[in-house]
Structures are given as structure tokens and as C-alpha cells.
Amino acid sequence: MTRLLFVGDVVGRPGRDLVTRGLKAIVSAHRVDCVIVNVENAAAGFGVTPEIANEFLDAGAHVMTGGNHTFDKKEILPFFSQESRLLRPANLPAGAPGAGHYVARATNGVNVGVINVMGRVFMHAIDDPFRVVLTEIEKVKKDAAVVLVDFHAEATSEKVAMGWHLDGRVTAVVGTHTHVQTADERLLLQGTAYITDAGMTGPHDGVIGVERQAILSRFLTGLPQRFETARENPRLSGIIIDADERSGRATAITRLSLSLKDVDALIAQAASTR
Ligand code: FE2
């Protein structure tokens, strides 16, 4: 059995602090073999920098995925040529830096393919994710039976459709982007683990990670506002997936939603069993 941990969209410093502080304890408590983190909102809610990406790798991430905010910080552009563990959606125009897939070696020695694609419903016009994802799967399947797809998309219907499209073709389809964890995790009929959204790792007393007063003012007045990352009530949201590494099928999918207190308890537990 190979156990994957997918950490949902990390937002700003509150989200990063949870990951850098708690990831190793979570990995040891849950006996995780491979960690995938969505990092597209890690730098103050918009994009990611090389320093921040390296922090995630030091904290224990095997692969980092992205989305519509991947390129928001321009200093990340040259980083893609040095660091193949940082992904961007595969269905972007051909000239975009980086790639949408990577095969990681999990801690237990099993190869894990990770693919990142982005939806088109209520989002920017990009290439067809349903077609592009199949080519990406072909690429990683040469080296990995266990494959996880991060589908960064807005519409539930598009995400559910992607789940069925890939049922039996990959180990897991994990939705990201809406920052609200859904309760529809399940194993699909052909053995693919699915959830519409893994949820947000960041401050939960704002509006999907942003300071709530600015968002409220925008809705109440229609005037443009400066959006700052919220601070209160940080939670780490994610998914744990168990995979049979011979068949590539998932055997279980479990939601994770941890407060700072929960994370600290796991850190204390890890320290006492050492
Ligand atoms: Fe996003």
C-alpha cells in the first residue's frame, strides 16, 4: 500500500506556517509515503516564489501543483527550468514555462505520477483539459502505476465529469481552487478516488482566505478593494489516499481538516514517540 497526502490550496503565511510547522508530524502520524501540495496561493494569496517553493520541499513536499495564480509572481518564471517538482497546469499555451506532470519517488520507493490540469468553466480560455490530461497520463504511466490528478477548476460539474472521465485510468482525481472542502469523497466504480475540492490550507475566518472586510465592502459597494490575506483560524485541509501500487487503484480516500491545535497535538505525539 502506498499512502498519498494531498494538501489543499495553501494560502499566504497562515497556510505556509501550518505546513512548515506540522507537515512532518502529520506524515509520521498517518504514515504517509508521498506528499503533494497545491501552492498557487502560497505567496500572500497570489502565486509562489522560489523561496516559498523551497520551504515546501524542505517541509517534506514531494511535488507542488498550481493553477490560475501560478505565474502571479514573476520571480517564479525562471525557477521552472531548475525545479521540475513544481508543476503548472498542463493545458496552458505551449509557450508557458514548466510542465504539468512529474513522477516522484515516494518515501517507500514507489513511483507516483502527479498531473496538474485546469478547468475552463468560469475560468480563462485555455486548452481542453479532458484531452490534454489523457496525453499527460500516457507520459507518467511509463514510469508510475500510481497517478494523482490535481484538477484546478471552479465548476463542480466540470470536476465531477473529470472524475468519471478518469475513473479506472488514474488512482485519484482531486479538485482544487474553490478553497472549500467538499464532503463528496468516494471511490468511483473503477477504483479511482475522487473529491470535488480538497479545501484550503489557510485562514478560515476570512472569505476563501482573504480578509473578510475588504470582500464585504466590495460586495456592498461594488468599489475595487485591496485584498489582504486573512489571519484568523488557520486550518490545514487535505486528503489522504491509499493506493495499491500494483494495480494503481485507490483503496481508500479520507478527508483531513486540522486546526492549529490539532497540528500541535500531532507534533507533541510525534515528539513523544521519538
Ligand atoms: Fe485557483
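User: In this predicted model, which residue in S9 does Arg 186 stand opposite?

Analyst: The model is predicted. Arg 186 belongs to the stretch of strand S8 (186-187). S8 pairs with strand S9 (residues 193-195) in the antiparallel sense, over two bridges. In S9, the residue opposite Arg 186 is Tyr 194.

User: Which strands are the edge strands of the sheet?

Analyst: Six strands make up an open sheet with mixed pairing. Their order is S4-S5-S6-S7-S9-S8. An edge strand here pairs on one side only, and that holds for S4 and S8.

User: What angle does the direction of helix H3 make with that of S5?

Analyst: Helix H3 (residues 129-141) packs on the sheet. H3 touches S4, strand S5 (111-118) and S6. Its direction and that of S5 make an angle of about 165 degrees.

User: Helix H4 lies across which strands, and at what angle does it run to S7?

Analyst: Helix H4 covers residues 156-166. H4 lies across S5, S6, strand S7 (172-176), S8 and S9. Relative to S7, H4 runs at about 165 degrees.

User: Is Gly 175 buried or exposed?

Analyst: Gly 175 sits in strand S7. Leaving aside neighbours within four places in sequence, its contacts include Phe 151, Lys 159 and Ile 195. Its relative accessibility is 1%, and the cut-off for buried is under 20%. Gly 175 is therefore buried.

User: How many Å apart are Gly 175 and Gly 199, C-alpha to C-alpha?

Analyst: In sequence, Gly 175 and Gly 199 are 24 residues apart. In space, their C-alpha to C-alpha distance is 8.6 Å.

User: Which residues coordinate the iron ion?

Analyst: The donors follow the spacing E-x27-N-x83-H-x24-H along the chain. They coordinate the iron ion at 2.0 to 2.3 Å. The donor atoms are OE, OD1, NE2 and ND1, from Glu 40, Asn 68, His 152 and His 177 respectively.

User: Why is the arrangement around the iron ion irregular?

Analyst: Four donors count as tetrahedral only if all angles lie between 85 and 135 degrees. The four donor atoms here subtend angles that make the arrangement irregular: 84 to 162 degrees.

User: How many residues apart in sequence are the parts that Asn 68 and His 152 tie together?

Analyst: Both residues coordinate the iron ion. Asn 68 lies in the loop between strand S3 (63-65) and strand S4 (101-105), and His 152 lies in strand S6 (residues 146-152). The pair therefore ties together parts whose separation in sequence is 84 residues.

User: What is the relative accessible area of Asn 68?

Analyst: His 152 counts as buried, at 0% relative accessibility. Asn 68 is partly exposed, with a relative accessible area of 28%.

Terms used:
Residues numbered from 1 in each chain as written. Predicted model: local features only at pLDDT ≥ 70, side-chain atom pairs only at ≥ 80, totals over all residues. Heavy atoms only, no water. Donors = N, O, S within 2.8 Å, 3.2 Å for Na, K, Ca; no water. Tetrahedral: all angles 85-135°; square planar, octahedral: opposite > 155°, others 65-115°. Helix = DSSP H or I, 4+ residues; strand = E, 2+ residues; numbered from the N terminus. Buried < 20%, exposed > 50% of the residue type's maximum accessible area, 1.4 Å probe, protein only. Pairing = 2+ DSSP bridges. Contact = heavy atoms within 4.5 Å. Axes fitted to C-alpha atoms, helices over the stretch in contact; angles between N-to-C directions.
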